Amino acid sequence: MKPLFNRGPSAAVRMVIAVAFAFALIIADLHYRQLDSLRSGLAVTVYPLHFLAALPARIAQNLETQVASKTRLHAENDRLHRENLMLRARLQRFASLESENERLRNLLGSAFKVGERVLIAELLQVDLDPYRQQVLVDKGALSGVFVGQPVLDANAVMGQVVRTNPLTSTVLLITDARHSLPVKVNRNGLRSIAIGSGLVDQLNLLHVPKKADVRVGDLLVTSGLGGTYPPGYPVARITEVRIEAGQRFATVIAEPTARLDRSHEVLLVWSLPKLMEGAMTNSESAEPAALRSTLEP
């Protein structure tokens, strides 16, 4: 039922009353701390509403963070992949330089052991087939290289020069089937002839008696006979001694100790008689400056 007199405080009056009530609550809260329990209760009551209201923004922020992290991880992965490739390329170069340094140090060590005049040359071409075992080096007649000159690597005898040009020389390896050199067993001095087999890892010894004191593992060195190779250079190590019925001599096989199929640098050796011969030639006629410089240690 609708009241006959529907009159109450005006809106302005109610506004003033509300403002006064608000100020009263503020003053009571500041000075008397009477509303803390009420505030805590209201906060607990409205927490689910706050959580639900903030949930969309929180989900959007998490998605944005995950997308940004994935993009950053992809970029970081690409950068690390490029750095890994560059480092691996540098590592390969370092390994190559380290190997080259080791070879040169071994060659220099061999030069000191030789005690003769030597010149380091690099290989330009290699022919390693059963019919021709020879290499081409980058030093020739202008460097003083001569036919018959012994050639070593860091470990042992490799061969001798068979052809010279002004800038290059051809070296016949000791494993060539046309090559032979006088050797002796380092243990007991037994002499023999080592001939090439056409295989880069095999030498055959000629005319070894069946009762000769030859053992597997014996080191063969140059005997100095023939005048081509100075005595005492390592040549090969015996790998097989076979006595066969009906044969007058033993079959003796040796493996060269020089790295014939792996060396990149070689030593050209001037023995003392050759140096003395060169000195006598120099006293008779002027020698080109380039030739003299190559004979320096």
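**Exercise 1. Helix 1 and its end**

Which residue just after helix 1 takes a positive phi? Then describe the helix itself.

*Solution.*
Step 1. Note first that this is a predicted model.
Step 2. Go to the end of helix 1, residues 11-32. Just after it comes Arg33, with a positive phi of about 50°.
Step 3. Check the length. Helix 1 has 22 residues and spans 31 Å from its first C-alpha to its last. The expected value at 1.5 Å a residue is 32 Å, so the two are close.
Step 4. Check the cover. Helix 1 is hardly covered: one of its 22 residues is buried.

**Exercise 2. The whole chain**

How many helices and strands does the protein chain have, and what percentage of its residues count as buried?

*Solution.*
Step 1. Count the elements. There are four helices and twelve strands.
Step 2. Look at burial. The protein chain has 297 residues, and 29% of them count as buried.
Step 3. Look at contacts with a separation of 6 or more. Residues 24 or more positions apart account for 58% of these.

**Exercise 3. An aromatic pair**

Find the aromatic pair and decide: are its rings stacked, edge-to-face or tilted?

*Solution.*
Step 1. The structure holds one aromatic pair. Its members are Tyr47 and Phe51, with ring centres 6.4 Å apart.
Step 2. Apply the cut-offs. Planes under 30 degrees apart are stacked, and those over 60 are edge-to-face. The planes here stand at 35°, so the pair is tilted.
Step 3. Place the pair. Both residues lie in helix 2 (residues 36-114), four residues apart, or about one turn of the helix. An α-helix has 3.6 residues a turn, so residues three or four places apart point the same way.
Step 4. Compare accessibility. Exposed means over 50%, and buried means under 20%. Tyr47 has 53%, so it counts as exposed. Phe51 has 33%, so it is partly exposed.

**Exercise 4. The barrel with strand 1**

In what order do the strands of the barrel that holds strands 1 and 12 run? Trace the pairings of strand 1.

*Solution.*
Step 1. Six strands form a closed barrel in the order 1-2-5-4-3-12, with antiparallel pairing. Neighbouring strands are turned by 40° against each other on average, direction ignored.
Step 2. Start at strand 1 (residues 117-129) and go to strand 12. They pair in the antiparallel sense over six bridges. Val118 stands opposite Val269. Ala121 has Val266 as its bridge partner.
Step 3. Now go to strand 2 (residues 132-137). Strand 1 pairs with strand 2 over six bridges, also antiparallel. Asp129 stands opposite Arg132.
Step 4. Name the link. Strands 1 and 2 form a hairpin with two residues between them.

**Exercise 5. The other barrel**

Which strands of the barrel 6-7-8-11-10-9 pair with strand 8? Follow the path onward to strand 10.

*Solution.*
Step 1. These six strands close into a barrel with antiparallel pairing. The twist averages 40° from one strand to the next.
Step 2. Strand 7 (residues 191-196) is joined to strand 8 by four bridges. Ile195 stands opposite Asn204. The hairpin has six residues between the strands, and Gly198 takes a positive phi near 90° in it.
Step 3. Strand 8 is joined to strand 11 by five bridges. Leu205 stands opposite Val252.
Step 4. Strand 11 (residues 249-256) pairs with strand 10 (residues 234-242) over six bridges. Ile238 has Ala254 as its bridge partner.
Step 5. Pick out His207, which sits in strand 8 (residues 203-209). Its phi is near 55°, a positive value in a residue other than glycine. His207 is exposed, with a relative accessible area of 57%.

**Exercise 6. The nonpolar core**

Which residues have the most contacts inside the largest nonpolar core?

*Solution.*
Step 1. This core has 41 residues. Those with the most contacts inside it are Ile174, Leu220, Val235 and Leu268.
Step 2. Find the main contributor. Strand 12 (residues 265-270) gives the most, with five residues.
Step 3. Zoom in on Val235. Set aside its neighbours within four places in sequence. Its contacts then include Ile174, Leu220, Ala156, Leu203 and Pro256.

Methods
Residues numbered from 1 in each chain as written. Predicted model: local features only at pLDDT ≥ 70, side-chain atom pairs only at ≥ 80, totals over all residues. Heavy atoms only, no water. Phe/Tyr/Trp six-rings, centres within 6.5 Å; stacked < 30°, edge-to-face > 60°. Buried < 20%, exposed > 50% of the residue type's maximum accessible area, 1.4 Å probe, protein only. Core = buried A, V, L, I, M, F, W, Y, C linked by side-chain atoms within 4.5 Å. Contact = heavy atoms within 4.5 Å. Pairing = 2+ DSSP bridges. Axes fitted to C-alpha atoms, helices over the stretch in contact; angles between N-to-C directions.
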